[in-house]
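Biologist: Hey, could you pull up that model for me? I'd like to talk it through before I head back to the bench.
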Amino acid sequence: MRITAGMSQRHVLADLRRVQERLADAQSRVSSGKQIEKPSDDPLGAERAVRLRSELETNSAYSTAVDESKSWLDATDSALSSVNDIVQRARELTVQAANGATTPTARQSIKLELDALTDQLKTTLNSAYDGRYIFSGTKTDTPPYDLTSATPDAYQGDANPVVRQIGPGVSVQVNVTGDDVLSGLLPTLRSISAHLASNDGASLQTTDLQALDTGLDTVADARSQVGATTNRVTAAGQRLDDMHDVTTAFLSDTEDADLPQALTDLSAQQNALTAALHGGSTLIQQSLMDFLR
Amino acid sequence: MSISSFLGLQTSLRGLQAQQQALDVTTHNIANANTVGYTRQEASLGATNALHVAAGATTDGRGAFLGQGVDVTAYRRIRDSFLDLQVRAQNMALGDASTTAQALDRVQSAFGEPSDTGINALIGKFFTAWSDLANHPESDSSKQAVASAAKTLGDAFAALGADLGSAATDAQTQFTQLTGSTGPVQSAASKLAQLNKAIDSAIDANQSPNDLLDQRDQILDDLSQYGQVSVSQLGNGRIQVMLGNQSVVNDSTVDWTVPPPATFAAGGGTLGALQKLTTTTLPGYQAALDAVAKTLHDDVNAAYGSSFFGGTTAATLGAGIPAASSIVAGTGTGAASNDIATAVAALRNTSSAGSQYGALVRQVGSDTANAVDAQSVAQAAYDGAEDRRQNVSGVSLDEEMANLLRFQRGYQASARAMSSIDEMLDTLINRAGRVGL
């Protein structure tokens, strides 16, 4: 093959250009830390990276819902715990009042405390979490009981569930309505109050105590429901955290550069460039003219 | 018949002249060693027609053909037209691939994926805003966040749609410039027409218009990056040149019309790539992006139960998004009613908008990667073809230096032969017949 001056020169330039392109690629992989900087670097990988990023975003949205649900459930449980204490106290007072030795005067003072406890129950459920009345069903802008109205025992909320989505197609009801908890207890307490006023020890001893126990059971049921939901939500949160770690690792595998390899590539390309430059400089110098005289 | 005493002088003179002409060609080659498109030339030497001596040239009385030296029979252009075809085919492929790669690289930058700021991320943030609203249906700021995430998403769709549109417009503009009255095709056409005429007259005058042919081939090489160049010979060195399905020049007539007719198909090259980009590739991306917008529009509006997104194209998606104050989170009367927000948020798992968009990103990525690969393949193939052509036609300085020596020595030897004959004649004319003087 006849090798002409133009050919060797073009070869040297083409080789240098190729080496420099590869060097620039290696350089940008090292500096960005990314294997896939643009879709053409790895079209399938880019699509996967896009999907994985969506999954991470979805995951974090569900995690937010899980945290939110947990706070709601914790607030509910702590309110129900107070309710339980109050009803226990009411039961103690009722037992005390039911004792035949208790004088009518003493029953009157017990009635006062019991009425105060009844109000305290409603005030407890009127407590707001994050600006919302959590015992009003979906009417979270309305307190469940209006103590100043003509019918202070009437439930002001609705019976609708408050539902949170904590996974694809997985929803949980996070609320317990005031009506669920107090619909039986309030009439019972009112009737105990009435029996205390009328000094009716027999009713206090029998039906009233039974009704209070039923009320306590209702509170306990509500608490165990909240507890079960909390467990479910916590487990879902744990799964989301695990998925987050797995997805993050997968995304990193997909689009992040393998740094040791990227650095090795970079220095290999630098050596190649030096070699190409050196070779080119010696090749271009020589011709027959150097040797003829 | 006797032979002239001066025959040898004439023979030597022919030798001197031929060697000198060969030297001239060599210096021309050396001078043009770096001229783009130059084809090395060669003075073809051939023995001059012999002097026919009918009889008495030899002792037995037979005749002979006596050599009378050397002539330059032709100035040859050393070129292989088959290699020209290879170079032009590869140049066309290179023009096609590099134009496509450049345009698509710009398009994929407009997508800006994979990232935390591209449309994919914004779709995710849009649905996250809805799930935040589902968690806080009472909150005005959550509704505000939904409205602003929707607006941002609509803007991103519109911006990407506009980027795709302007990429198509730019390709169209580039096509118009290249094929226009000040473009390279038009200027090649008029130069080719002039060269055809000049080559025709030179051949008529029995000359070898080597340098004109080089110029013409160089123009055809340049033209081949824009499209499929085909050349038909019309005799006497004249040619007709077609670019794709359109005649550029026929003999000395410029056929190229500005603008080219709508039926013009470049058949490849930069113009072919631009045609494909404007008519197929970019509108395809635009349609795919519009399809993503439509899916998003249909799914969200169905889940929302009334109009949320206004339009079904990338450009109009963001139109008509309700104000934050009129966004509703649920159908119930309670402030915490969140069934609508939950339904919209659940679309992140069920709507195909995300996967459609992912497929579009992959499509753009693989089209770009293919074009970039095709570009480096075409570059290598072009370099290879150009090497093969240079192998035949290129000026090798070493070879020319050797030729320089060869013809210089030939010239010296012819001159020496002439001196010898001169000495012989000197003896004959000045010394013979002077015995005793």
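Biologist: Which residues touch the most other members of the largest nonpolar core?
Modeller: Keep in mind that this is a predicted model. F126(B), W130(B), F157(B), F308(B) and F309(B) have the most contacts with other members, in a core of 77 residues. Helix 4 of chain B, residues 140–179, gives the largest share of that core, with 14 residues.

Biologist: And what does W130(B) touch?
Modeller: Leaving out residues up to four places away in sequence, W130(B) touches V146(B), Y304(B), F308(B), I327(B), V328(B), A341(B), V344(B) and A345(B).

Biologist: Which residues are in the second core?
Modeller: That separate core has 46 residues, including Y62(A), V83(A), L125(A) and L196(A).

Biologist: OK, new topic. How many residues does each chain put into the contact?
Modeller: Chain B puts in 52 residues and chain A 47. The area buried between the two chains is about 4,000 Å², with carbon and sulfur atoms giving 54% of that.

Biologist: How many salt bridges and polar contacts are there between the chains?
Modeller: There are 4 salt bridges between chain B and chain A, plus 20 residue pairs in polar contact. On the chain B side, helix 9 gives the most, with 17 residues. That side divides into 14 nonpolar, 24 polar and 14 charged residues.

Biologist: What does R10(A) pair with?
Modeller: R10(A) forms a salt bridge with D387(B), and their closest N and O atoms are 2.8 Å apart. The pair crosses between chains, from helix 1 of chain A to helix 9 of chain B.

Biologist: Is R10(A) buried or exposed?
Modeller: In between: R10(A) is partly exposed, at a relative accessible area of 25%. D387(B) is buried, at 10%.

Biologist: Back to chain B itself. Where do D221(B) and R389(B) sit?
Modeller: D221(B) is in helix 6 and R389(B) in helix 9, 168 residues apart. Their side chains meet in a salt bridge at 2.7 Å, N to O.

Biologist: Why do those two count as buried?
Modeller: The cut-off is under 20% relative accessible area. D221(B) counts as buried because its relative accessibility is 6%, and R389(B) because its value is 7%.

Biologist: Which residues do shared salt-bridge partners join into one network?
Modeller: The network joins R77(B), R79(B), D84(B), R88(B), D214(B), D217(B), D221(B), E386(B) and R389(B). One of its salt bridges is between D217(B) and R79(B), at 3.2 Å, N to O.

Conventions. Residues are numbered from 1 along each chain as its sequence is written. Chains are lettered from A and ligands numbered from 1 in the order in which they are written. This is a predicted model: local features need pLDDT of at least 70, side-chain atom pairs count only at pLDDT 80 or more; totals for chains, interfaces and linings use all residues. Side-chain values use heavy atoms; hydrogens and water are left out. A nonpolar core is a set of buried Ala, Val, Leu, Ile, Met, Phe, Trp, Tyr and Cys residues joined through side-chain atoms within 4.5 Å. Buried means under 20% relative accessible area, exposed over 50%, partly exposed in between (1.4 Å probe, protein chains only). Helices (H or I, at least four residues) and strands (E, at least two) are DSSP runs, numbered from the N terminus. Contact means heavy atoms within 4.5 Å. Buried area is the accessible area (1.4 Å probe) that two parts lose on being put together, summed over both. A polar contact is a pair of N or O atoms within 3.5 Å; within protein, one must be able to donate a hydrogen and the other to accept it, and residues adjacent in sequence count only if both atoms are side-chain atoms. Ala, Val, Leu, Ile, Met, Phe, Trp, Tyr, Cys and Pro count as nonpolar, Asp, Glu, Lys and Arg as charged, and the others, Gly among them, as polar.
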